[in-house]
2 protein chains.
Amino acid sequence: MELDPRVSERIRNQKAYDLIKSAEQAAELIEDGMVLGVSGFTPSGYPKAVPLALAERAKRGDAVKVDLYSGASVGPEIDTALTEAGIIRKRLPYLTNSTIRKAINKGKVEYTDMHLSHSTQYINYGAIPKVDIAIVEALAITEDGSLIPTTAIGNSPSFIKQADKVIVELNLHQPMALEGMHDCLIMENPPNRKPINIVKADDLIGKPYMECGFEKIAAIVITDLQDGVRPLAAIDDNAKKIAQNIIKFFEGEVAAGRLTDTLLPIQSGVGSVANAVLYGLLDSEFHDLCCYTEVVQDSMLEMLKCGKAKCASTTAISPSPEMKEQFDQEAELYKGKLIFRPQEISNNPEVIRRLGIISMNTALEVDIYGNVNSTHVNGSSMMNGIGGSGDFARNGSITIFTTASLAKNGDISSIVPMVSHVDHTEHDVMVIVTEQGYADLRGCSPKERALKIINNCAHPDYREKLMDYYSRACQTSGLQTPHILEEALSWHVSFMKNGTMK
Amino acid sequence: MELDPRVSERIRNQKAYDLIKSAEQAAELIEDGMVLGVSGFTPSGYPKAVPLALAERAKRGDAVKVDLYSGASVGPEIDTALTEAGIIRKRLPYLTNSTIRKAINKGKVEYTDMHLSHSTQYINYGAIPKVDIAIVEALAITEDGSLIPTTAIGNSPSFIKQADKVIVELNLHQPMALEGMHDCLIMENPPNRKPINIVKADDLIGKPYMECGFEKIAAIVITDLQDGVRPLAAIDDNAKKIAQNIIKFFEGEVAAGRLTDTLLPIQSGVGSVANAVLYGLLDSEFHDLCCYTEVVQDSMLEMLKCGKAKCASTTAISPSPEMKEQFDQEAELYKGKLIFRPQEISNNPEVIRRLGIISMNTALEVDIYGNVNSTHVNGSSMMNGIGGSGDFARNGSITIFTTASLAKNGDISSIVPMVSHVDHTEHDVMVIVTEQGYADLRGCSPKERALKIINNCAHPDYREKLMDYYSRACQTSGLQTPHILEEALSWHVSFMKNGTMK
């Protein structure tokens with residue numbers, strides 16, 4: 001096999017050359033019933049060639065069933081290809097891919113929806129079946145067989161540690177300037193766990209590579225494939241208004257002396273609202289910002305470039321295709337500012353609580369008492385999963401959930417009497433923001449919350465109906481959290497039957 | 001005023017003598033609209049004389065309305081007396097008292113139910129109205145005006161720091177041997193927060209007193225009053241079986257190599273089941289146990305005495321009246337083994353995650369997918385509040401919820417299709433234990449959980465009905481978490497209408 005000249009700077013020990021195999025040969029290592037742990041977090045830094053070869057193998061009639069663990073969502077080369085090939089028995093801890101989502105909601109794939117920081121613990125504790133083979137994208141293989149990650153770390157260090165065999169996809173497409181941006185550490189299990197000495201978002205505590213060793217590496221597959229990054233949805237009017245309302249809230253906090261104009265480190269979920277919020281900050285008076293998050297999108301990369309933000313700690317970048325191309329050219333610019341960490345560290349409650357992260361995530365629906373549904377449509381069908389939102393929302397200093405007040409052309413109110421599934425309880429939700437305004441729920445009793453949420457956040461088309469439910473509930477039930485249980489979920493039932501909550 | 005001779009060892013600066021006032025005089029300091037922060041956690045270590053005097057003052061026609069913050073629940077001298085006097089406008093973050101519970105459920109008192117570790121942050125961040133007067137029980141006042149706590153620390157250090165004035169109840173009844181058992185520290189707010197250097201349950205990181213200073217002390221009231229501790233409910237058959245099932249689970253974890261026979265530090269909620277579990281451990285093969293918890297009951301004190309446990313870190317003790325009497329005599333025995341901490345430290349996610357706490361708490365009801373309701377009867381009426389259960393359940397290494405499978409003589413199934421309120425989501429609940437058995441939900445998808453919970457935990461009288469709901473739901477809805485929303489809460493409605501879920 002003739003090797004690309006770029007290989008030599010990425011393979012730093014002769015031993016490694018003997019391990020080079022084709023994707024097809026590597027895919028042959030996977031046996032029925034195995035647990036696979038793949039690198040990647042969002043469509044970034046995940047293996048591409050071997051999963052595609054495994055799907056092809058199944059199409060040739062040589063099918064296996066495997067459990068598939070990842071950091072979070074990954075690209076279509078894994079979730080689409082392996083789902084279509086019928087290979088996945090169980091999937092965890094997160095997804096965004098529509099093919100596997102449909103398979104889950106049809107009952108063809110079992111899915112376990114986990115807090116992302118918990119997923120690492122489940123692996124390290126041996127509380128879920130162990131990873132047999134880790135398939136990990138790498139930028140380079142060091143002299144002692146350690147692996148330098150690419151654009152995501154996720155759960156890879158723990159997968160590698162636990163796996164019997166590691167398949168490396170050495171991706172020549174990823175820019176060498178990524179080297180040195182990673183900070184890898186695996187926490188010991190209790191009772192031997194030590195403090196995580198991060199007191200500022202950009203403190204380094206680990207190594208710039210993931211430990212592995214040649215004895216574990218069963219195959220090295222050379223690839224030259226792009227991450228399947230996705231274009232960002234355009235920022236619509238609602239997203240802009242939500243961003244403005246969040247900034248208004250921050251300004252109030254500064255005026256009250258609870259925040260300064262450098263804020264506290266920001267975590268921001270993925271999507272167009274999240275992106276709009278950060279673009280809003282880019283144009284604001286706030287300065288010297290920090291980010292301590294799980295995913296960095298275009299807006300945060302721009303903030304780093306122009307100096308609006310000083311640093312961003314993350315477990316992955318998830319740029320648009322244009323921004324990824326730009327990043328590949330100028331990655332050098334981000335050195336010392338952009339830090340990739342394993343998701344156990346990026347999402348760790350210890351660090352999130354200590355740094356006082358401001359957490360901003362998206363809700364599918366919110367109820368009048370401040371409970372948030374992030375995952376389930378009508379209580380039953382999986383949307384994406386909870387991801388890291390709970391890690392940040394529970395442990396941060398300020399927890400914000402955003403949603404447009406309406407969905408489906410106004411037939412759905414995102415503010416409902418009772419959410420059909422709870423991912424974030426009334427105890428964890430501090431601020432609700434819609435395009436209508438914001439409700440600061442901190443210290444409020446449920447009844448106080450109801451009035452703020454209905455008046456400040458619900459769409460005017462549904463305000464009266466919500467207030468009617470609330471008022472009648474106050475007359476018929478216990479007055480801590482007034483509900484009429486016969487009616488509490490009737491808005492969802494009405495939507496399912498009649499196509500509208502109106 | 002003639003002083004009890006015991007006062008001299010408890011007041012260590014002459015200045016303090018000038019501050020001695022009667023409870024009535026101290027109660028006069030409280031003005032309408034104020035926020036009061038009281039010491040205490042469970043009916044332990046809370047002020048008694050001043051609240052009673054305040055209630056008396058209201059009866060004389062000189063009423064005020066105040067917001068009342070505490071560590072957790074407190075004794076009847078506060079929650080009963082002040083509720084009956086109509087003084088409390090808002091209460092947080094926890095309660096167990098039936099008088100105030102009724103007032104809350106009638107809408108006469110606003111109640112904000114908080115994670116106990118969050119309550120400290122809300123105070124320190126200034127995210128809720130500030131404490132005007134702290135009323136704190138103390139064992140002694142040091143030379144520089146610092147306060148040595150008694151049988152609970154709770155939120156007192158933060159109340160004292162924030163208050164304009166502090167009223168001290170110097171309680172001569174509390175044993176001097178308590179001195180030296182406290183480890184007090186107030187966390188800085190971000191961005192100045194440092195790691196909490198606890199790597200073993202008994203590591204000391206703070207001071208044996210709470211900083212205050214004479215300039216803040218507005219009154220010192222000398223008292224000789226007992227904590228209103230409550231007798232423990234007898235351990236019934238269900239509690240014994242639940243305890244046996246938990247120990248069976250632990251034995252399985254040891255066999256699987258995930259725990260050793262010293263376990264990991266234990267957190268155990270309050271009540272007869274919790275007590276039964278610890279008594280079960282007392283008779284087991286497990287040894288050299290540690291406790292990192294928020295409340296220490298009789299069973300843990302006995303474990304410390306006999307050497308079954310090496311240490312217990314807590315924010316309060318909550319012994320039975322007999323055990324409290326014994327404790328007062330022999331408190332010396334517990335030195336170096338029993339450590340009282342502020343609840344921000346006892347319940348801190350950083351420490352709970354690092355030490356890998358095994359968390360055991362009680363559920364009011366559990367649904368077939370593993371969501372837990374700890375607080376609301378039929379979704380509306382407050383029972384006690386979430387307390388610290390969420391701090392431990394979210395961040396511990398193993399999270400166990402216990403409940404008897406039936407309530408109300410069998411008319412209520414504690415396992416229901418959908419809980420009427422969610423305090424602990426499916427993402428946080430690892431093991432459900434009833435007297436019927438246990439369901440280990442780790443790594444399970446919702447459908448896998450449903451089968452385990454119904455088969456292992458539900459009472460046989462309701463198993464068929466639960467399975468019928470589940471099977472029909474599987475035929476009609478999305479298959480991640482199958483539900484029939486029209487019926488999901490119908491068991492509760494049936495109980496409210498017909499007095500039974502059958």
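The UniProt annotation "active site", taken from an unreviewed entry, covers Glu294(A). In this predicted model, Glu294(A) is found in the loop between strand S11 (289-292) and strand S12 (295-296) of chain A. With a relative accessibility of 10%, Glu294(A) counts as buried, since the cut-off for burial is under 20% relative accessible area. When neighbours within four places in sequence are left aside, the contacts of Glu294(A) comprise Phe41(A), Leu116(A), Thr314(A), Thr315(A), Ala316(A), Ser346(A), Asn347(A), Gly388(A) and Phe392(A). Among these contacts, Ser346(A), Asn347(A), Gly388(A) and Phe392(A) belong to the stretch at residues 337-469 of chain A, where UniProt (unreviewed entry) places the feature "domain: Acetyl-CoA hydrolase/transferase C-terminal". Over residues 337-469 of chain A, helix accounts for 30% of the chain and strand for 27%, and the end C-alpha atoms are 50 Å apart.

In chain B, a buried polar residue was examined in its surroundings. Ser313(B) lies in strand S13 (residues 309-314) of chain B and has a relative accessible area of 0%, so Ser313(B) is buried. The side chain of Ser313(B) makes a polar contact of 2.7 Å with the side chain of Arg341(B). Arg341(B) also appears among the residues in contact with Ser313(B) once neighbours within four places in sequence are left aside, together with Ala201(B), Cys291(B), Tyr292(B), Thr293(B) and Ile339(B).

Strand pairing was then considered in both chains. In chain A, strand S5 (residues 133-138) is mostly covered, with six of its six residues buried. Both faces of S5(A) are covered: Ile133(A), Ile135(A) and Glu137(A) are buried on one side, and Ala134(A), Val136(A) and Ala138(A) on the other. S5(A) pairs with strand S1 (residues 35-38) of chain A in the parallel sense over three bridges, and Gly37(A) has Ala134(A) as its bridge partner in S5(A). S5(A) is also joined by six bridges to strand S8 (residues 165-171) of chain A, again running parallel. Within that pairing, Val136(A) stands opposite Val168(A) of S8(A). Ala134(A) and Val136(A), each a bridge partner in one of these pairings, lie on one side of S5(A).

In chain B, an open sheet of seven strands has the order S4-S3-S2-S1-S5-S8-S9, with parallel pairing. Strand S4 (110-111) and strand S9 (217-223) of chain B stand at the edges; each has a single partner strand, so one side of each is left without a neighbour in the sheet. Elsewhere in this sheet, strand S2 (residues 66-69) and strand S3 (residues 88-92) of chain B run parallel and are joined by four bridges. Leu68(B) stands opposite Arg91(B) of S3(B). Strands of a sheet pair through backbone hydrogen bonds, either parallel or antiparallel.

Aromatic side chains provide a further set of links. Over all chains, the count comes to 12 aromatic pairs. One of them is formed by Phe249(A) and Tyr438(A), in an edge-to-face arrangement with 5.4 Å centre to centre and 75° between the planes. Phe249(A) lies in helix H7 (residues 237-255) of chain A and Tyr438(A) in strand S26 (residues 437-440) of chain A, so the pair ties together parts that are 189 residues apart in sequence. Phe249(A) counts as buried at 2% relative accessibility, whereas Tyr438(A) is partly exposed, with a relative accessible area of 27%. A second pair, of Tyr462(A) and Trp491(A), is tilted, with 5.8 Å centre to centre and 35° between the planes. This pair links distant parts of the chain, 29 residues apart: Tyr462(A) in helix H15 (residues 460-476) and Trp491(A) in helix H16 (residues 490-498) of chain A. Both Tyr462(A) and Trp491(A) are buried. Phe249(A) and Tyr438(A) also belong to a cluster in which ring pairs link them with Phe250(A) and Phe286(A).

The buried residues of H16(A) are Trp491(A), His492(A), Val493(A), Ser494(A) and Phe495(A). Their cover includes strand S17 (365-367), strand S23 (412-413), strand S24 (415-416) and H15 of chain A. After H16(A) comes Gly499(A), whose phi is positive, near 80°.

In chain B, two lysines are placed over aromatic rings. Lys465(B) lies over the face of Trp491(B), at 4.8 Å from the ring centre, and Lys48(B) lies over the face of Tyr46(B), at 4.4 Å from the ring centre.

Conventions: Residues numbered from 1 in each chain as written. Chains lettered and ligands numbered in written order. Predicted model: local features only at pLDDT ≥ 70, side-chain atom pairs only at ≥ 80, totals over all residues. Heavy atoms only, no water. Phe/Tyr/Trp six-rings, centres within 6.5 Å; stacked < 30°, edge-to-face > 60°. Helix = DSSP H or I, 4+ residues; strand = E, 2+ residues; numbered from the N terminus. Buried < 20%, exposed > 50% of the residue type's maximum accessible area, 1.4 Å probe, protein only. Lys NZ or Arg CZ within 6 Å of the ring centre and 35° of its normal. Polar contact = N/O pair within 3.5 Å; in protein donor to acceptor, adjacent residues only side chain to side chain. Contact = heavy atoms within 4.5 Å. Pairing = 2+ DSSP bridges. UniProt positions renumbered as here; feature names shortened; annotations may be inferred.
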